[in-house]
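Okay, thanks for coming, everyone. I'll put the structure up and then we can walk through it together.

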Amino acid sequence: FRELIHGSKLLRNIEDLTSDEKIDSAIAEKIQDKYSMRCLAQQLGPVEHRIADVRAVINNELNSVSDNPVIIGDKVKHGGHFDGTYVGDAMDCLKLSMRRLAYVMRAYMRNVTDSKLNNEMLPTYLIAKDPGLNNGIQGLVGLAFDAVYVRLLKEASPDSVFALNDHEAANQDVVSLGIHAALSASFMVD
């Protein structure tokens, strides 16, 4: 490792950083890339795996028996093949991955639109003047995504609706709410 990193401008000798002035100077220099750059594979890899896992669950569920009752020969079977728990769980997991992806995108957006981070190539949040009056991209896009995703991120699959007032109350005591998880996940993906 020492041979590989010998001469790198990203390295600092701790002995050279003995005064506050030298430490401030070293901190002002870019020593390492931000996590959003350095850890991109570790951040997005799980998202890619999650999407593959979700695709497998959905494929399996779409190709399985979903009727109730199921008629096999002359026998009638009453099962729960219509239940959406597998889909609901998969969609809730997908929402977590979409949130992670949004965090990474927001970090990249900030790196581009913050003058302290983009070497003053662009004004902060693309606000050329009157930052107190204008919100710029931070207010219009970044915070809007955060607000929407916080609402959509609530897991649907652990919840249930107990039907109390109808004749089905005895058998509809636990429902998957998978469609709610799928709809909010679909909105986050879009």
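Let's begin right at the start of the chain: phenylalanine 1 counts as exposed because its relative accessibility is 82%, where exposed means over 50% relative accessible area, buried under 20% and partly exposed in between, with a 1.4 Å probe and protein chains only. It's found in the segment before helix H1, residues 2-5. Helices here are DSSP runs of H or I with at least four residues, strands are runs of E with at least two, and both are numbered from the N terminus.

Quick housekeeping. This is a predicted model, so local features need pLDDT of at least 70 and side-chain atom pairs count only at pLDDT 80 or more, while totals for chains, interfaces and linings use all residues. Residues are numbered from 1 along each chain as its sequence is written, and side-chain values use heavy atoms, with hydrogens and water left out.

So how confident is the predictor? pLDDT is its confidence in each residue, from 0 to 100. The protein averages 79, and 75% of the residues score at least 70. Confidence is lowest in helix H2, residues 20-28, with a mean of 54, and highest in helix H4, residues 40-62, at 95.

Now the overall layout. We've got 7 helices and 2 strands, and from the N terminus they run α-α-α-α-β-β-α-α-α. There are 190 residues, and 22% of them count as buried.

On to H4. It has 23 residues and reaches 33 Å from its first C-alpha to its last, close to the 33 Å expected at 1.5 Å a residue; that expected span is 1.5 Å times one less than the number of residues. Which residues of H4 are buried? Val47, Val54 and Glu61. They pack against helix H5, residues 85-113.

Over on H5 sits serine 97. Serine 97 is buried, because its relative accessible area is 7%. Leaving out residues up to four places away in sequence, serine 97 touches Pro46, Val47 and Arg50, a contact being heavy atoms within 4.5 Å. So Val47 turns up again here, having already been listed among the buried residues of H4.

Last one, for the contact-map people: of the contacts with a separation of 6 or more, 56% are between residues 24 or more positions apart.

Okay, over to you for questions.

Key
pLDDT = per-residue confidence, 0-100.
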